[in-house]
Amino acid sequence: MKKDKFIIQSLDGQKKLSGEVKISGAKNAVLPIMASSVLFEDNFLMTNVPEIEDLNRMTEIFAGLGIKINKQSQGEYFIDPHGLNKFEIDEETSKRLRASVIFTGPLLARFGELIFPHPGGCVIGARPIDLFLDGFQKMGAKVQVRDDKYFVTAKDKKLQGANIFFKVQSVTATETFIMAGVLAEGETILKNVAMEPEIVSLVDFLNSCGANITGAGTPTIRIMGGNLLKSDGKVYQTIPDRIETGSFLILGALCAENLRVSNCEPKHLGILIELLKDSGVEIEVGQDYLNIINNKKQNSEFKSVSIKTHEYPGFPTDLQAPFVVYLTQVTGESLVFETIFEGRLNYTDNLKMMGADIKMWDAHRATIKGPNVLKGRELDGPDIRTGFAFVIAALIAKGESIINNVYYIDRGYENVEEKLRQLGVDIKRIN
Ligand code: EPZ
């Protein structure tokens, strides 16, 4: 893994940034679309694909399965599943990409067999897979565990449609069982599913290629099992990344006099826009853009707001870290309640060492008092979103900061330093 670092200079407490950032395609939309190629008998083109490290990891998993992916041009990739000849997910890569678990449903549905290692957990939490193992058994498969690998076989090599009630809402489990249902015998009914826009986008594309799925975006999804899907030349256009959008909006509120966030989908970020407006940030909401204009105010003029992370359309856990950095700069005390992952507040020690006033009540709850002056330092961003949060902290802190293992930021943010430089950020990448 590359050991790149960022060296970032402070903005010296002024809102110096200005300009436009064009949002890239959504990482968490394109990953399930790529996994869905296992359900197809022909190939298809994807556009607006973000050039990020997770795309490279998915390409490695494809190679292990015999699926070809060819880059046509910037952001355009052609997927050809004709060579698909294996139902075992590569161990090395799946340890580095939790999302590889999305492949389990389609592979088991297509081959009636599946071998995969326990996917990598990461710093944000244990990342269990009980929902996947329970669901496969409900669809008539047997699961055996041998030396940290799962061996799953469907009865008579064919999954049976089933009623599955998820005891927690899980994005990738919802995606996996939607895809498993596409080739299962009969109807599959999924209850208490996740309702993220990326799931709606996946289902729209699968339905346009012959699937029969209803209820995406609601708590219950029904899938009628059928045959392999055919794109017949249809193209998947990746929806804008709502987490990248939110990340830059928070950065803009703290650091920019004028910022235009374009090529985005404001409808997917209702909760963040509401909270920032409550806090005093003026945001113009367009059809496919968001504008912060004449953001003259000092950050201390913004007032504190409390958040509770929640499944979509609630406050996204992926924006919690950037938002906590925001809360260190506004006036008042905020409560942050992280309900999704037990490890997703671990990074706050780093902000405290920069001078933030943060009190941890338990693994899920923190109170932040602001405004506090932060002092630049060396930081280790442990996951994608904390890495970006540290970039924001470095900009509002005094002095220079160094952010290590930038690989994590590259996993989820395309051309991040070019986008930042265009806004006026003094950032250097050193490896
Ligand atoms: C997806 O992860 C996203 N990743 C994550 O984004 C995001 O943080 C998360 O959803 C929540 O929104 C992708 O879409 C590729 P979950 P996922 O299953 O699906 C528990 C990023 O930065 N759970 O929805 O893996 C789990 O422990 C990444 O882009 C079980 O208990 O998350 C958690 O508490 C980080 N058993 C809750 O569900 C299971 O079998 C929600 O997790 C599966 C999950």
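**Exercise 1.** Which element gives the largest share of the shell around the ligand?

*Solution.* The model is predicted. First, list the elements that give two or more residues to the shell: helix 1 (27-35), helix 5, helix 6 and helix 12 (384-396). Next, select the largest share, which is 3 residues and comes from helix 5.

**Exercise 2.** Determine which residues of helix 5 are buried, and what covers them.

*Solution.* Helix 5 spans residues 130-138, and its buried residues are L131, F132, L133, G135 and F136. The cover over these residues includes two helices, helix 4 (104-111) and helix 6 (171-182). It also includes strand 6 (113-117), strand 7 (141-146), strand 8 (149-154) and strand 9 (163-165). Just after helix 5, G140 adopts a positive phi of about 95°.

**Exercise 3.** Identify the atoms of K27, V171 and I340 that lie at short range from ligand oxygen atoms, with their distances.

*Solution.* For K27, a polar side-chain atom is 2.9 Å from an oxygen atom of the ligand. For V171, a backbone N or O atom is 2.8 Å from a ligand oxygen atom. For I340, a backbone N or O atom is 2.6 Å from a ligand oxygen atom. Of the ligand's own 830 Å² of accessible area, the protein covers 88%.

**Exercise 4.** Characterise the shell by class, and explain why the ligand lies between two domains.

*Solution.* The ligand is surrounded by 23 residues, of which D130, S170, T172, D318 and I340 come nearest. By class, the shell holds 11 nonpolar, 5 polar and 7 charged residues. Domain 1 (5-24 + 240-430) and domain 2 (27-237) both contribute residues to this shell; therefore the ligand lies between them.

How values were computed:
Residues numbered from 1 in each chain as written. Predicted model: local features only at pLDDT ≥ 70, side-chain atom pairs only at ≥ 80, totals over all residues. Heavy atoms only, no water. Buried < 20%, exposed > 50% of the residue type's maximum accessible area, 1.4 Å probe, protein only. Helix = DSSP H or I, 4+ residues; strand = E, 2+ residues; numbered from the N terminus. Contact = heavy atoms within 4.5 Å. Near = heavy atom within 4 Å. Polar contact = N/O pair within 3.5 Å; in protein donor to acceptor, adjacent residues only side chain to side chain. Areas by Shrake-Rupley, 256 points an atom, 1.4 Å probe, with all protein chains shown as cover. Nonpolar A, V, L, I, M, F, W, Y, C, P; charged D, E, K, R; others polar. Domains from an automatic or database assignment.
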